[in-house]
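Hello,

I am passing a structure on to you, and I hope you enjoy looking through it. Please open it first and then read my notes below.

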There are 2 protein chains.
Amino acid sequence: MPRIIKHPELRREELLDHAQALFLTHGYDKASLNDVIAAAGISKGAFYHYFASKEALLEALAERFARQALAGVQDVLGDPALDPLGRLNALLAKSRQAKVETAAEAWALFETMFRPENLVLFHRINQAASAAFSPLLVEIIRQGVEDGTFRTFDPEGVADIVMQFGMATHGVIAKAFAGGSDADMEIAIETLEKRVRLYEIALDRILGLPDGSIRIGEPGYVRAVMTARRANPSPSAAAASRKSR
Amino acid sequence: MPRIIKHPELRREELLDHAQALFLTHGYDKASLNDVIAAAGISKGAFYHYFASKEALLEALAERFARQALAGVQDVLGDPALDPLGRLNALLAKSRQAKVETAAEAWALFETMFRPENLVLFHRINQAASAAFSPLLVEIIRQGVEDGTFRTFDPEGVADIVMQFGMATHGVIAKAFAGGSDADMEIAIETLEKRVRLYEIALDRILGLPDGSIRIGEPGYVRAVMTARRANPSPSAAAASRKSR
DNA sequence: TCTATTATACCGACCGACGGTCTATTCTCA
DNA sequence: TGAGAATAGACCGTCGGTCGGTATAATAGA
């Protein structure tokens, strides 16, 4: 095997890319280290030069996910025109938007993300994302409490609930994929839509707001996400986004 | 090695017992099949006579947990004297009681349950418990909606939220153990106590009840759970409960 | 009741694949 | 030119799982 030397950062990112693809398609446990290094075209030694273990690779992958997600919401946080409620809604809107885009651009990724064998991977990503987002949410809620918009005695607790709600859709979506038939999908869409309404009202009331203040997604947005697959069946977009890195 | 033949059900239960002990102390991934069969004193072949895989063993373990948990709340469901709110509170009280008892009798088990390496095990148990409890909760809430006690358009969603809240304490408790120092523990107790209050009010409002209707735990109950270790340091109770099977 | 037969419980050597280690080699750059 | 970063790949112990086989229990026919 010829020796190929690349810029370390590039090599590292490449490794993460291949690991991501393999972990998503086969699951963290089933995708072996040999698979990863074979895909990346490097040796065991080279791999262990960059990562201390397979576990560390997963860790780094989760961190990268969280970093990317965090980068997407920086502008919302910096916008001085927004009041706490507006900021919270903007944050929720951003994450909703990210979901729609992911679904449209890379349905396969979106779908594999919710398969049971990806539990470990999914949990790690969520963990990293939570750690990153929690302080932001707490700060927003605290500001809202200070200026009287929100009423609660436990901003950290409310922030946790917000994130819980965000992740809880996972189970419902997973069920939608588990079914498979169009009828199952239809039921799942309606269930999820109803659930989103419930979460909105729950958050309104937990924060002491009038019903209808919190907007997680406009009516029909769930259907937009779930049917994005049919609307955009061509894999070209996904391929393009892959090439462009 | 002499060949010992036991009643199949007994052998199966024994295997589950040893697996439970090893999975809890070392984690599902780190506890090897060889460890399990060595502890149980049987051969590989015997193991695979009872379980199709290590995964199936985990599955069976989770099922057993769920079955035991379910058995503990049957009387509450059958009590015709309770109205929906009373039934819901009784159910929450039962699960609280179970937690306190577990903490007092087998603190070690309680503690290991919340270690990060037990994520997979924990998740499976929760999954099984959720599957078992969800229908019960849905039924209670549906009854409450019918007789006008509760007001919600999504009983399934509310049931999910109730269970989410129940599991969410996991993260907070895990943090308490992660710290270790008495000061950390004190902070964790206060955080958890506050969180329980938040969950109570959140459920009140989600269900359209007056604040204070839902009772997850009386004030001080969290401290009772968390300090049970010190109050009952002797391992005799745990040993007794082990023997009695 | 005494076999013959089948079904069940059990044994342990063995397997391929896994994550991880180690030494050797080659490249880069001060 | 020498130090150290980057890469290669043989090698290791352990893992979950398989397999051919054996001992015991259960059943049936005579």
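Here is what I found, going from the pairing of the chains to the core and the annotated regions.

First, some ground rules. This is a predicted model, in which local features need pLDDT of at least 70, side-chain atom pairs count only at pLDDT 80 or more, and totals for chains, interfaces and linings use all residues. Residues are numbered from 1 along each chain as its sequence is written, while chains are lettered from A and ligands numbered from 1 in the order in which they are written.

**How the two chains pair**

A turn of 180° with a shift of 0.1 Å along the axis lays chain A on chain B with an RMSD of 0.1 Å (a least-squares superposition on the C-alpha atoms of residues with pLDDT of at least 70 in both copies). The two copies are therefore related as by a two-fold rotation axis. In chain A, the residue that comes closest to this axis is A:R205, with its C-alpha at 3.0 Å.

Between the chains, 14 residues of chain A are in contact with 14 residues of chain B; contact means that C-beta atoms, placed from the backbone, lie within 7 Å. On the chain A side, the elements giving two or more residues are α8 (119-146), α9 (155-179) and α10 (182-206), where helices are DSSP runs of H or I, at least four residues, numbered from the N terminus. The most comes from α10(A), with six residues. The same surface serves both copies, as 100% of the contact residues of chain A recur in chain B.

**Helix α10 in chain B**

α10(B) has 25 residues and reaches 36 Å from its first C-alpha to its last, close to the 36 Å expected at 1.5 Å a residue (1.5 Å times one less than the number of residues). Its buried residues include B:L192, B:R195, B:Y199 and B:A202; buried means that 20 or more other C-beta atoms lie within 10 Å of a residue's own, with C-beta atoms placed from the backbone. Just after α10(B), B:G208 takes a positive phi of about 70°.

**The annotated regions**

UniProt, in an unreviewed entry, lists residues 9-69 of chain A as "domain: HTH tetR-type"; such annotations may be inferred rather than shown by experiment. Over that stretch of chain A, residues 9-69, the chain is 80% helix and 0% strand. The unreviewed entry also lists residues 32-51 of chain A as "DNA-binding region", and over these residues the chain is 75% helix, with end C-alpha atoms 15 Å apart.

Best wishes

Terms used:
Contact = placed C-beta atoms within 7 Å. Buried ≥ 20, exposed ≤ 12 C-beta atoms within 10 Å, placed from the backbone.
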